[in-house]
Amino acid sequence: MEGNTKNPILKNKMYLYLTEFFAGMSVMAVELGASRLLAPYFSSSQIVWTIIIGTIMIAMALGNIMGGRWADKDPNPDKLYGRIIIAAIWIGLIPVVGKYIVIGISALLVFTISTNFLIIAAFAACMIIFVFPLFLLGTVTPSLVKYTVDSLDDSGKVVGYLNASNTIGSIIGTFVPTFISIPAVGTSITFLIFAGILLILAILYFVVGKKKSVKAIVGVILFIFSCIFGHGDSFAFWQKDLTYEGESIYNYLQVYEDEHKVVLSTNVLFGVQSVYRKEKTLTGMYYDYAMAAPYMAGIKEKDNVDILILGMGSGTYATQCSRYFDNATVEGVEIDQKITDLAHEYFELPEDVKVTTYDGRAYLQCLSSEAKSGKEVKKFDVIMVDAYQDITIPFQMSSVEFFTLVKEHLTDDGVMVVNMNMKTNTEGGINEYLADTISTVFPSVYTVDVSNNTNRELFASSNPKMVERLSAGIESEEDADLKAMMEKVDAGLSVYEAGNLILTDDKAPVELLSMNAIDALIKDEVAYYKKIYDEQGLQGLMESF
């Protein structure tokens, strides 16, 4: 090949295989980094993952096509490694400008569209931020085939080695960000690490070939710039004085506080996952409403009540139950160990509250498995399901099969309380599906809307007298604040009239249903500002903040 005679490094097939290896590794690392960059703003749901994978596959396909054409038209390896430098620069700049682009796109679209906001905004962000560098990396394979194949006699073997190098790189690029770099140093530095690898790989080509490259010089300068300004892990860049900000394997995590409360959020744009009142009082949020469940389960009548929380978070509900009920034994299941660590560090989760790091449904399955081995089935008086987070509703914890499993681990008069965090009046919405599904498992189902909030609490039991128990418990409650709260819940309870919108393990489109709910919530939230924008334009909108 003409290119091989001009740069001695191309005579070494190992270098070409390494180019393919690191290109494949970087593609997967960027894909996983994309999910972490977008998750705090758009969630980490299957919808968002579909958008990420789809746009990246579009980029790679176009890159393969154009890379093949360019390799046939002008088989100059300088241009390939120049493209790798550009891709490295772009990836390195993502930590610097990516979050601003996401916010800018969201701010623009929230005033211009009324449906499918999440899909359109996430797709636009992916197209603008990630498609171009991955398109360039998609040109690597067809170009390398041009430089690597010396004859038809070994073409099959060489192409096989190239594909194997790409695949092995992709495998490593899948595991390293998820289990090593993102938990250890964060998403931003992960982008910088893989940008640096690509940059070194390309610069090596020009150095060995004794070629001057303006792209390489510019690439080094911009990479240094990115390392200086893009190494921070702050997603909520407009919010100052955060107590803690970081990432775990599962979540972006943010803790902030004022003189009255400490708050955990796993979503930059909206949503609060846990609140701790420093005055050790009620929160005024859905956790208080959910405390009606122990009354319904007879906590004022029993010597001890066992409470299980699926989706422990930082333990707000557990802390309140432990504080107000001396005869309650509380334990929780939380899939994210980092959140549990934060619960002990910032939210004063009692040390005697047992927390198991596991998926909620899998935990119940384990309890059932123990029972099959001869042990007695462990049952609880109250099971709280608090694992729903904006659009990220685990489908496996929303089905008939799941709620049947919950029922199997409740006492005969036990109560399940479910926090449904997107209260909307949309007919055929996610809350209707969840409530209808639960109603097929439990004969008694009640709901209550949380004041000044988007949450709705659902109580379900096999005991038809659970509301009477609540009323009786309220009568004997001595704590004035708690009694007033329970009276408010009791007054707001309504019997749920079940329909036939059923979710099963086989069919549970919870994310599409949740997306519709988010559209409705966004429409309500921005209606005021949209009216100002329509009447007074951008200047009027800016003056309204």
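The second largest pocket of this predicted model is lined by Ala23, Gly24, Val27, Met28, Glu31, Ile56, Met57, Met60, Leu137, Asn166 and Ser170. Its volume is about 160 Å³. By class, the lining comprises 7 nonpolar, 3 polar and 1 charged residues; Glu31 is among the lining residues and belongs to the charged class. Helix 2 makes the greatest contribution to the lining of this pocket, 5 residues. At least two lining residues come from each of helix 2, helix 3 (46-73) and helix 8 (155-185).

Helix 2, which spans residues 13-42, also packs against helix 8, with the two axes 7 Å apart and an angle of about 40 degrees between them. The crossing of helix 2 with helix 8 is right-handed. The residues in this contact divide into 14 nonpolar, 8 polar and 3 charged. Helix 2 and helix 8 are thus in contact with one another and both supply residues to the lining of the second largest pocket.

A further packing partner of helix 2 is helix 9 (residues 187-208), and the axes of this pair come within 10 Å and cross at roughly 160 degrees. Because angles over 145 degrees count as roughly antiparallel, helix 2 is assigned as roughly antiparallel to helix 9. The crossing of helix 2 and helix 9 is left-handed, whereas that of helix 2 and helix 8 is right-handed. By class, the contact between helix 2 and helix 9 contains 16 nonpolar, 4 polar and 1 charged residues.

Charged side chains were examined for pairing. Side chains of opposite charge can pair when their charged atoms come close. The structure contains 16 salt bridges. One of these joins the side chains of Asp72 and Lys146, with an N to O distance of 3.0 Å. Asp72 is part of helix 3 and Lys146 is part of helix 7 (residues 140-148), so this salt bridge ties together parts of the structure that lie 74 residues apart in sequence. Helix 3 therefore holds one partner of this salt bridge, and helix 3 also supplies at least two residues of the pocket lining described above.

Key:
Residues numbered from 1 in each chain as written. Predicted model: local features only at pLDDT ≥ 70, side-chain atom pairs only at ≥ 80, totals over all residues. Heavy atoms only, no water. Axes fitted to C-alpha atoms, helices over the stretch in contact; angles between N-to-C directions. Helix = DSSP H or I, 4+ residues; strand = E, 2+ residues; numbered from the N terminus. Parallel < 35°, antiparallel > 145°, perpendicular 65-115°, else oblique. Left-handed = near helix turned anticlockwise from the far one by under 90°. 1 Å grid on protein atoms, 1.4 Å probe; cavity = no way out; pocket = protein on both sides within 12 Å on 5 of 7 lines; lining within 4 Å. Points joined across faces, edges and corners; volume = space filled by probe spheres on them. Salt bridge = Lys/Arg side-chain N within 4 Å of Asp/Glu carboxyl O.
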